[in-house]
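Open the model in your viewer and keep the selection tool at hand. This tour goes stop by stop, from the whole chain down to single residues.

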Amino acid sequence: MNGDESGSSRRTWLGVATLLVGTLLPPLDFFIVNLAIPSIQDELGGGDLLGQQVVAAYAATYAVTLILGGRVGDLHGRQRVFLVGLIGFALASLLCGIAPAPAVLVVGRILQGITAALMAPQSLALIRASLTGRQQSIALGFHGAVFGLAAVLGQSLGGLLVAADVFGLGWRTIFLINLPFAAIAVVGSLVLRAPRPERTELLDVTGAVLLFVGLAGIVVPLVEAESLGWPWWCWVVLVAGAVTLVGFWRRQHRLALDTVDAPALRVRPLVAPASITAPGVRGGLVALLLFYSIAAFFLTFSTYQQAAGRSPFQAGLDILPLGVGFLIGPLTVHRLTGLLPRGVAPLGLGLEAAGFVTFAALTVALGQTAWTAVPLAVIGFGQGLAFPSLIRLTVARVPGRFAGLASGLVSATLQISAALSVAIIGTIHFAVAGVGGQTVAITTTALIIAALLLSAAVLARSVAAVPAVDSSVRAGTPATVVPER
């Protein structure tokens, strides 16, 4: 390798490392806040309502703006939008960290959700658009590993930071810790190289409003309804959200036809029908929806452990083997892909399902036991294999010009899956716990998730048989990138 190639390679991987900060921060801020909520309530007041709002304001805003964030990157330059989102996220984190009152903290969390939705899709889209072959496979493995690292850190770092009380800041450090990460990423972003947008288009503002309102109508009730006891208005908002999404989809089809009839028009669909109807895409998105049903397990496992007398911090340590497995799994994906080009995602999903069944059997036989660390590690390893592989399967079947949109769709699907699984599986768990106790409830939850994961494995296998639109997924040639201006 000559000096130019070596320098180009170093620049490429420094750019990837920068993008991975954008992968780390959004899920980290979702997980890290949970163990700090009691301290926030003690200082700012607000009671249980503030705790719910601190979580829901971020989760709901992030979920409903992810698709829009991905499409904005496609239209206006992913590198530029990534940097705007990164700086905005840092400023929103600073606002949260210095918040003097509950209302300011909630506003900061909303701003964090919006800016995270601008930043996160660009990370995956730039990896997809700027790398090919083995480089892309390795980078996607790192992407999955960093997501696992966020889960590991988020389960324990919040409690550690609050307990450490650095400079007397207490819970505020869980937000302020984002600032040095963001500063390093801003410097690293100077070496990013990304393809230019293929053409300049105008954003479909009406479609963006319809999409935001429709997704908010679905996500907000799912996030809030469980704690509120599912009041009647939640059902009304859900139905209204679904109707709005139908209207949004009809508008996208109409804009797509208008573009064919009058190609000079600059307004294009926000979610191009071709990106959804391409062979394999819908199957991949459904598989991702089923895959992230595991999100409910984090909540129910913590409830199960604390019901047995474990503290929140101890419960976070108990689930650590799952996070460690999730961290290791993605790092082996690129090696397994050569051996099982169509089988890594089904293999990972199968390992997860087997881990949940084993966990259920051990819990029934032995109750709360240290031996459950073994199936938890298997679950995490399988999740780490399946996560980047399912993403790769799905985005590779979307035309490259929609890479940001595909990333937003994938991320939004995962967030909506998390809300659905917590709402549905969580409700089942607590209903069973009220009748048969926590052991029966956590066993039931584990078996339900195992069944959903097996269904996802079947879907992933069928999607893998569909030829990829993006030839770079199969190529082994080095990436060719054009600086973005």
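What follows is a list of selections, with a short account of what is found at each.

**Stop 1: the whole chain**

Bear in mind that this is a predicted model. Show the chain as a cartoon. There are 20 helices and 0 strands. Of the 485 residues, 54% are buried. Now think about contacts between residues at least 6 apart in sequence: 82% of these join residues at least 24 apart.

**Stop 2: the largest nonpolar core**

Select Phe291, Tyr292, Phe297, Leu349, Phe356 and Leu390. These are the residues with the most contacts inside the largest nonpolar core, which has 97 residues. Next, colour helix α20 (residues 438–464). This helix gives the core its largest share, 10 residues. In soluble globular proteins, nonpolar side chains tend to be buried together.

Centre on leucine 349. What does leucine 349 touch, leaving aside its neighbours within four places in sequence? Its contacts are Phe291, Gly382, Ala386, Leu390, Leu453, Ala456, Ala457 and Ala460.

**Stop 3: aromatic rings**

The whole structure has 10 aromatic pairs. Start with tyrosine 58 and tyrosine 62, which form a stacked pair. Their ring centres are 5.7 Å apart, with 20 degrees between the planes. Both tyrosines sit in helix α3 (residues 47–76). They are 4 residues apart, so about one helical turn separates them. Tyrosine 58 has 0% relative accessibility and counts as buried. Tyrosine 62, at 7%, counts as buried too.

Move to phenylalanine 297 and phenylalanine 356. Their ring centres are 5.1 Å apart and their planes stand at 85 degrees, so this pair is edge-to-face. The pair links distant parts of the chain, 59 residues apart. Phenylalanine 297 belongs to helix α13 (residues 295–307), and phenylalanine 356 to helix α17 (residues 344–366). Both phenylalanine 297 and phenylalanine 356 are buried.

Now add Phe301, Tyr304 and Phe359 to the selection. Ring pairs link these with Phe297 and Phe356 into a cluster.

**Stop 4: the largest cavity**

The structure holds 3 cavities of 30 Å³ or more. Go to the largest, which has about 170 Å³ of space. Which residues lie nearest its centre? Select Tyr62, Ala120, His143, Phe147 and Ser411. They are among the 16 residues that line this cavity.

Five helices each supply at least two residues of the lining: α1 (3–31), α5 (102–130), α6 (133–164), α18 (373–395) and α19 (403–436). Colour the lining by class. It has 10 nonpolar residues, 6 polar residues and no charged ones.

**Stop 5: glutamine 112**

Select glutamine 112, in helix α5. Is glutamine 112 buried or exposed? Glutamine 112 is buried, with a relative accessible area of 0%. Show its surroundings, not counting residues up to four places away in sequence. Glutamine 112 touches Asp29, Tyr58, Phe89, Ala92, Ser93, Cys96, Phe175 and Asn178. Tyr58 is one member of the stacked pair from Stop 3.

**Stop 6: two arginines**

Select arginine 71, in helix α3. Its relative accessibility is 5%, so arginine 71 counts as buried. Measure across to proline 121, 50 residues away along the chain. The C-alpha atoms of arginine 71 and proline 121 are separated by 8.9 Å.

Then jump to arginine 251, in helix α10 (residues 232–261). Arginine 251 is also buried, with a relative accessible area of 18%. The cut-off for buried is under 20%. Leaving aside its neighbours within four places in sequence, arginine 251 is in contact with Asp204, Thr206, Gly207 and Leu210.

**Stop 7: isoleucine 416**

Finish on helix α19, where isoleucine 416 is found. At 17% relative accessibility, isoleucine 416 counts as buried. Beyond its neighbours within four places in sequence, isoleucine 416 is in contact with Leu215 and Val219. Draw a C-alpha to C-alpha line from isoleucine 416 to leucine 215. The two are 201 residues apart in sequence and 9.0 Å apart in space.

Methods: Residues numbered from 1 in each chain as written. Predicted model: local features only at pLDDT ≥ 70, side-chain atom pairs only at ≥ 80, totals over all residues. Heavy atoms only, no water. 1 Å grid on protein atoms, 1.4 Å probe; cavity = no way out; pocket = protein on both sides within 12 Å on 5 of 7 lines; lining within 4 Å. Points joined across faces, edges and corners; volume = space filled by probe spheres on them. Nonpolar A, V, L, I, M, F, W, Y, C, P; charged D, E, K, R; others polar. Phe/Tyr/Trp six-rings, centres within 6.5 Å; stacked < 30°, edge-to-face > 60°. Buried < 20%, exposed > 50% of the residue type's maximum accessible area, 1.4 Å probe, protein only. Contact = heavy atoms within 4.5 Å. Core = buried A, V, L, I, M, F, W, Y, C linked by side-chain atoms within 4.5 Å.
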